[in-house]
Amino acid sequence: MRLEQIYGIIAKEGFSDIALQEINDYIKDIQNGTEDFPRFNLSEHAGLSKGGAPLIGASIIACYAAASLAASCNAEGREGGPANWEIDERQEQLIEQWAKASNLWEDNSEQFLIEEFGPMIAQGAEAKVYYKEGNTSVIKERCSIYSTTQKALDAIVLHNRLFPETAMKVIGFTRDHDGLMRIVLTQPYVNCLRLATKEEIDNMVAAKGFRDNWNGQGINYISDRLVLEDMHPANVFIDVVTEKPICIDCIVKFVK
């Protein structure tokens, strides 16, 4: 299998020119639809491709990191698999190495983003947002609120699958002044008419196959495959143009 071949090259050579070329060729084939990435089903591949080559590459490296760590634990005779913190640490380490080798890493990201894309206009627990008046997109530095970096990358893929009108495209990686790894991405700027009501959010996600996960009282939803959380009005706007609900951010992950 091609993915295992790439894993073998990384294990032997690290992120050499040959390894980077193999990864890049695989990314192109995924984007062209001639190769599948086994973590995602057919409909989710559209969300993966919308996320851009850096997202696909980071997803490959994250999967390699988890697989190599699990193999190492098995070789050591440890009972059970590695802990989430171990997986996250290895994924961050290898993604940083790969991103630097691929010229996708920015050390002084905040100053760079201000100069290139405009001032920071918002900051929350998960993201810093930069925007220059008149631009059609915002730039976000997004940190992980998930148990592993792989799940943070999955969340971008799944958001793009569910909400293609506000698809996120990864352009690079960095660490902030606190040492937190951040994913740098672009997302369409949304003109907000007003915040969506819970009924409008309920109807929007029901059309996508979700049901309320809190007896009709919460902001969390579930389908057979995915969990959708944090769907409160501050994350779901009524768009000025379409006058329909539009989700700019949420927590989305696989059921298992």
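**Salt bridges and a three-stranded sheet in a predicted model**

Me: Which side chain meets that of Arg175 in a salt bridge?
Reply: In this predicted model, the contact runs from N to O over 3.2 Å. A salt bridge requires a side-chain nitrogen of Lys or Arg within 4 Å of a carboxyl oxygen of Asp or Glu. The partner of Arg175 is Glu92.

Me: How many residues apart in sequence are the parts that Arg175 and Glu92 tie together?
Reply: Arg175 belongs to strand E4 (residues 169–175), while Glu92 belongs to helix H5 (residues 84–101). The pair therefore ties together parts of the chain whose separation in sequence is 83 residues.

Me: Is Glu92 buried or exposed?
Reply: The relative accessible area of Glu92 is 18%. Buried means under 20%. Glu92 therefore counts as buried.

Me: Which residues are linked with Arg175 in a network of salt bridges?
Reply: Arg175 is partly exposed, at 24% relative accessibility. The network that includes Arg175 also holds Glu92, Glu96 and Lys100.

Me: Which helices hold Asp29 and Arg2?
Reply: The side chains of Asp29 and Arg2 meet in a salt bridge of 2.5 Å, N to O. The pair ties together parts that are 27 residues apart in sequence, because Asp29 lies in helix H2 (residues 17–32) and Arg2 in helix H1 (residues 2–13). The helices are thus H2 for Asp29 and H1 for Arg2.

Me: What is the distance, N to O, in the salt bridge of Asp212 and Lys198?
Reply: This pair links distant parts of the chain, with Asp212 in strand E7 (residues 211–212) and Lys198 in helix H8 (residues 198–206). Asp212 is partly exposed at 23% relative accessible area, and Lys198 is partly exposed at 30%. Their side chains meet at 3.1 Å.

Me: Which strands stand at the edges of the open sheet?
Reply: The sheet is formed by 3 strands in the order E6-E10-E11, with antiparallel pairing. Each edge strand has a single partner, so one side of it is left without a neighbour in the sheet. The edge strands are E6 (192–195) and E11 (245–247).

Me: Which residue stands opposite Cys192?
Reply: Strand E6 is joined by 3 bridges to strand E10 (residues 236–239), and the two run antiparallel. Opposite Cys192, in E10, stands Asp239.

Me: What is the area of the nonpolar surface patch that includes Val240?
Reply: Val240 is found in the loop between E10 and E11 and counts as partly exposed, at 38% relative accessibility. Together with Leu193 and Val241, Val240 makes a patch of about 290 Å².

Key
Residues numbered from 1 in each chain as written. Predicted model: local features only at pLDDT ≥ 70, side-chain atom pairs only at ≥ 80, totals over all residues. Heavy atoms only, no water. Pairing = 2+ DSSP bridges. Helix = DSSP H or I, 4+ residues; strand = E, 2+ residues; numbered from the N terminus. Patch = residues over 30% accessible without salt bridge, like charges linked within 9 Å, V, L, I, M, F, W, Y side chains within 5 Å. Areas by Shrake-Rupley, 256 points an atom, 1.4 Å probe, with all protein chains shown as cover. Buried < 20%, exposed > 50% of the residue type's maximum accessible area, 1.4 Å probe, protein only.
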